[in-house]
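Here's a quick briefing to read alongside the model. Take a look at the structure first, then work through the points below.

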Amino acid sequence: MATLGYAYCVLHDMYFVDHNDRDRHIQSSDDHPQCHICDRRFKDRNALRNHWIVAKYHYYCADCDKHFNTAAGLEYHIDEIHVGGDDSDDEEECSDESEHYDGWEDDRGMDRYPDGVPAESQAHKLGVDDDNSWEIWDDLDYEDQEDLMDPSEPSLDDYVSNSDEEVDEDDEEHLTHHFVCPMCEQKECGTICTTLCGHIFCAPCIIGAYKYTESCPICDEPGEISDLRRIYISEQ
């Protein structure tokens, strides 16, 4: 029987003393998905996609599940497919899809951005020397000692009157379960993180903010990427 540890591998149903120990297991296992660019392995496909989005020299569109060879190619793709393009001279060259070939968006991106893509489009990217400890964190890991308590033991919540937390039925209609990132204002975010100060952002935005400012964009509370915790927001 496995001994309960701090980190858990869902794929193999195994426990480890910490996430570094689990990460060593992941890197040595052929069962875990592998990044074809940097050869690192990840706990699951979702973690791998997040890595492709955030890592430097990885140019990936999560909406289309498509890779590009250059930042210019990705930027061109986003402009044309997801933003809607512009009124530049590229309108004529995009009219004939039969001329499309592998890497055509990279070529046209280099033509459109000969001096490089806008700096803000790559601001969230992290290099190998940056803090990438968030990549080996898992939502099933134990964040607090309280999570390790025997569930049969009463918690602080058991002593709180439920009447204080009840929501009036009239007010319930006005509650929203939608999340909009306060930085990019996107409504559909693949990965959502909370800071230690309690503010919520999409992962690329807050990772980029911590990388360059080391503080929360809302309250200026100091923070690090390793402090971030992934959360799920459901619609009811």
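What follows covers the aromatic pairs, a charge over a ring, and one loop serine.

This is a predicted model, so keep that in mind as you go. Searching the whole structure turns up three aromatic pairs, and two of them are described here.

**Aromatic pairs**
- Tyr 8 and Tyr 15 make a tilted pair, with 4.8 Å centre to centre and 40 degrees between the planes.
- Tyr 8 counts as buried because its relative accessibility is 18%, which is under the 20% cut-off.
- Its partner Tyr 15 comes out at 33% relative accessibility, so Tyr 15 counts as partly exposed.
- The ring centres of Trp 52 and Tyr 60 are 4.9 Å apart and their planes sit at 55 degrees, so this pair is tilted too.
- Both Trp 52 and Tyr 60 are buried.

**Charge over a ring**
- Arg 40 has its charged end over the ring of Phe 42.
- The distance from that charged end to the centre of the Phe 42 ring is 5.3 Å.

**The loop serine**
- Ser 29 lies in the loop that runs between α1 (19–27) and α2 (45–54).
- Despite the loop position, Ser 29 is buried, because its relative accessible area is just 9% and the cut-off for buried is under 20%.
- If you set aside neighbours within four places in sequence, Ser 29 is in contact with His 12 and Arg 41.

How values were computed:
Residues are numbered from 1 along each chain as its sequence is written. This is a predicted model: local features need pLDDT of at least 70, side-chain atom pairs count only at pLDDT 80 or more; totals for chains, interfaces and linings use all residues. Side-chain values use heavy atoms; hydrogens and water are left out. Helices (H or I, at least four residues) and strands (E, at least two) are DSSP runs, numbered from the N terminus. Buried means under 20% relative accessible area, exposed over 50%, partly exposed in between (1.4 Å probe, protein chains only). Contact means heavy atoms within 4.5 Å. Rings of Phe, Tyr and Trp (its six-membered ring) pair if their centres lie within 6.5 Å; planes under 30 degrees apart count as stacked, over 60 as edge-to-face and the rest as tilted. A charge sits over a ring if NZ of Lys or CZ of Arg is within 6 Å of the ring centre and within 35 degrees of the ring normal.
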